[in-house]
Amino acid sequence: MFKAEYQCPSCGGTLWKTDPTSRMIGCPYCGQNSLLNAGDIQKIGYQAPLVDYGSLIKINQRIKFQKLDLRVLGRLRMEFEDGFWDEWYIEISGMKDHTHGWLQEDDGTFTLFIEKKKITRPVVYKQIKVGKHSDLGGNWTPIFVTSKNKGKVFGGEGELPFAVEPGEEVFFIDGLDQGDLVSLEIMEDEKVLMKGIPLKWDEMVFQS
Ligand SMILES: [Zn+2]
């Protein structure tokens, strides 16, 4: 297994990078966020450790689901008008074409999101109507929009594939593409269409 040791630039605590794609690491001891760059570690911002609201998912946890082996690398917390939303960065084993994804937990329902494609043409968030079909990226089959939300990055912890920038605005457009769950995430520098795979609770095996 991949493993690289770093020292937290703030408290000196030992940090482990356990996935080659990780670009940011949050110190579990002091809350310092640092950027990882070719063996180098650099402070990018402090944040108090995220408060846990009783999530069933934890960093470093392994979850088996059918043929998939999931390992939790980190957590990204988004802030919305009515509260927080966590997305867990996941290393996936056993899936053709995808090695990483994001796991969402919503009232005991789990959905694993994997990247379908990056969208380059503009999407005007304001013009997207919930309850209507929209072509979103233009050249796809129309997507039935089920909800849309505007949020802000609140913080992160553990290992993440990018530097977390608290306050950055993110727009989410969720929908159905011929029965498949999809979510378009619009960030400052990219738009990514994700496909959601519902994980049935009774087929998930949590391992410590
Ligand atoms: Zn530290």
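**Strand pairing and the nonpolar core**

In S10, threonine 111 is the bridge partner of glutamine 104. Strands here, like helices, are DSSP runs numbered from the N terminus, with at least two residues (E) for a strand and at least four (H or I) for a helix. Residues are numbered from 1 along each chain as its sequence is written. The model is predicted, so local features need pLDDT of at least 70 and side-chain atom pairs count only at pLDDT 80 or more, while totals for chains, interfaces and linings use all residues. The term pLDDT stands for the predictor's confidence in each residue, from 0 to 100.

The mean pLDDT of the protein chain is 91, and 98% of its residues reach 70 or more. Among the elements of the chain, strand S6 (residues 62-65) has the highest mean, 97, and strand S11 (residues 133-134) the lowest, 88.

The pairing that holds glutamine 104 and threonine 111 is that of S9 with S10, antiparallel over five bridges; two strands count as paired if DSSP finds at least two bridges between them. S9 and S10 form a hairpin with two residues between them, and aspartate 107 in the turn has a positive phi of about 50°. On S8, glutamate 87 stands opposite glutamine 104 in S9. S8 and S9 also pair in the antiparallel sense over five bridges. Their hairpin has six residues between the strands, and glycine 94 in this turn has a positive phi of about 95°.

Further along the chain, S12 pairs with strand S13 (residues 169-177) in the antiparallel sense over eight bridges. Here serine 147 has aspartate 174 in S13 as its bridge partner. S13 in turn runs antiparallel to S14, joined by seven bridges, and aspartate 177 stands opposite aspartate 180 in S14. The hairpin of S13 and S14 has two residues between the strands. Glutamine 178 lies in that loop and has a positive phi of about 50° although it is not a glycine. Most residues other than glycine have a negative phi. Glutamine 178 is exposed, because 9 other C-beta atoms lie within 10 Å. The cut-offs, with C-beta atoms placed from the backbone, are 12 or fewer others within 10 Å for exposed, 20 or more for buried, and partly exposed in between.

Asparagine 60, in the loop between S5 and S6, likewise has a positive phi, of about 80°, without being a glycine. With 13 other C-beta atoms within 10 Å, asparagine 60 is partly exposed.

The largest nonpolar core has 27 residues, and Tyr89, Ile90, Trp102 and Leu103 have the most contacts inside it. Such a core is a set of buried Ala, Val, Leu, Ile, Met, Phe, Trp, Tyr and Cys residues joined through C-beta atoms within 7 Å. Among the elements that give two or more residues to this core are S8 (83-93), S9 (100-106), S10 (109-119), S12 (143-160) and S14 (180-186). Leaving aside neighbours within four places in sequence, tyrosine 89 is in contact with Leu73, Gly74, Leu76, Trp102, Glu159, Leu160 and Pro161; contact means C-beta atoms, placed from the backbone, within 7 Å.

Isoleucine 44 belongs to strand S5 (residues 40-46). This isoleucine 44 is partly exposed, since 14 other C-beta atoms lie within 10 Å. Beyond four places in sequence, the contacts of isoleucine 44 are Asn33, Ser34, Leu35 and Ala163. Glycine 26 is 18 residues from isoleucine 44 in sequence and 9.9 Å from it in space, C-alpha to C-alpha.

Technical notes. Two residues are in contact if their C-beta atoms, placed from the backbone, lie within 7 Å.
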